[in-house]
Amino acid sequence: MPVTAAIVLVVAIAGLATWYFFPKHRANIAGSNSPLQNSSSQDGRVLSGGHSSMASVVFSPDGKLVGAIADEKTIYLLHPASGKVVQQITDACCTVTSIAISPDNRRLAIGMNDGSGARIRVLVERGGKFEDILHDMPAPGNVVYSIAFSGDGQEVLTEIDGNAIVWDLATAAEKRSIVAGVSGVCALSPEGIMITAGSNENEVKLWDLTGETPAAILIGHTAGVLAVAITADALTAASGGYDSTVRLWDVSTRTLRKSLKHGEQNSITTLSFSHSGLALATASTVVRIWDVASGAQQRTIDRDGINSLAFSPDDQTLAGTSKDGELYLWPLR
């Protein structure tokens, strides 16, 4: 998710502590005063602000916000249409790894590491910003690789060090846990289906977090897998990696639907399905958008170093973050 805002100089030590650390009941919030530069390219809008990296881009379900993580410390929430930063959340003590926004747009889930281990923080929207802390939960493990809300918004789904854990938001208690055994890349659907893969393995695994079904192993890649994605309805999964191919899988039958050749002999770094499930965005040295049904390439965007992609809810915008610290918003009309 990730764009950067200027830190307001606070003279009082207490004020400085409030800036650097989340208070007990309030999140550290900054306004729209930000050094992010909002510029245009031939493809769309570019937002940058001197960060060394940006990652984990995500849209709110109502499409009014796009979020990203900058330098593993700061979460930026912006208006997609204007690129204006509307909220900045930072915590100098913690490494932020993943974010998700609930189906009702009222909660922000944050996967982080506070130095002692994994932690999940859930913020509640108030006055148009996520600033009240609903839960702040230590989690077993070190890294929250992926986080998502369930379809009804009552649970938070996480993958932490190879373990899939479902959390009950009403009680902040661990509801279910599955030892997936793969600590690498992971994608979660609101329907409770998880897809995992390891960069040193050629295989992909499917998990059902609702019924705790054992993993289904999908075979086909000839080299390690670096990126996975799954449609919102959990019917189709995608995987890509070192072999420069993207494979589309039928989740219900657990069979290969199509194999897409990226064209260049470079690793696939990230994948994202459109909300309709009809399109797939992939990145290597360029970004490509594919028609899922036919496997035909629809568009190429000449951008390298992209590490996270997300479609807007109306599928009219594709957002991408780069390892060079930029956030891109590409119109798809």
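Buried means under 20% relative accessible area. R119 has a relative accessible area of 16%, so R119 is buried. The model is predicted.

**Salt bridges**

The count comes to nine salt bridges. Three of them are tabulated here.

| Pair | Closest N to O | Location |
|---|---|---|
| R106 and E125 | 2.7 Å | R106 in the loop between strand 8 and strand 9, E125 in strand 10 |
| R119 and D136 | 3.1 Å | R119 in strand 10, D136 in strand 11 |
| R176 and E155 | 3.7 Å | R176 in strand 15, E155 in strand 13 |

The R106 and E125 pair links distant parts of the chain, 19 residues apart. R106 is partly exposed, with a relative accessible area of 39%.

R119 forms a salt bridge with D136. R119 sits in strand 10 and D136 in strand 11, so this pair ties together parts 17 residues apart in sequence. D136 is partly exposed at 35% relative accessible area, whereas R119 is buried.

R176 pairs with E155. These two residues lie 21 residues apart and link distant parts of the chain. Both R176 and E155 are buried.

Salt bridges with shared partners also build a network: D114, R119, R121 and D136 are joined in one.

**T90 and its contacts**

T90 belongs to strand 7, which spans residues 85–90. Its relative accessibility is 9%, so T90 counts as buried. The T90 side chain makes a polar contact of 3.3 Å with the side chain of T74. The T90 side chain also reaches the backbone oxygen of K73, at 3.3 Å.

Technical notes: Residues numbered from 1 in each chain as written. Predicted model: local features only at pLDDT ≥ 70, side-chain atom pairs only at ≥ 80, totals over all residues. Heavy atoms only, no water. Helix = DSSP H or I, 4+ residues; strand = E, 2+ residues; numbered from the N terminus. Buried < 20%, exposed > 50% of the residue type's maximum accessible area, 1.4 Å probe, protein only. Polar contact = N/O pair within 3.5 Å; in protein donor to acceptor, adjacent residues only side chain to side chain. Salt bridge = Lys/Arg side-chain N within 4 Å of Asp/Glu carboxyl O.
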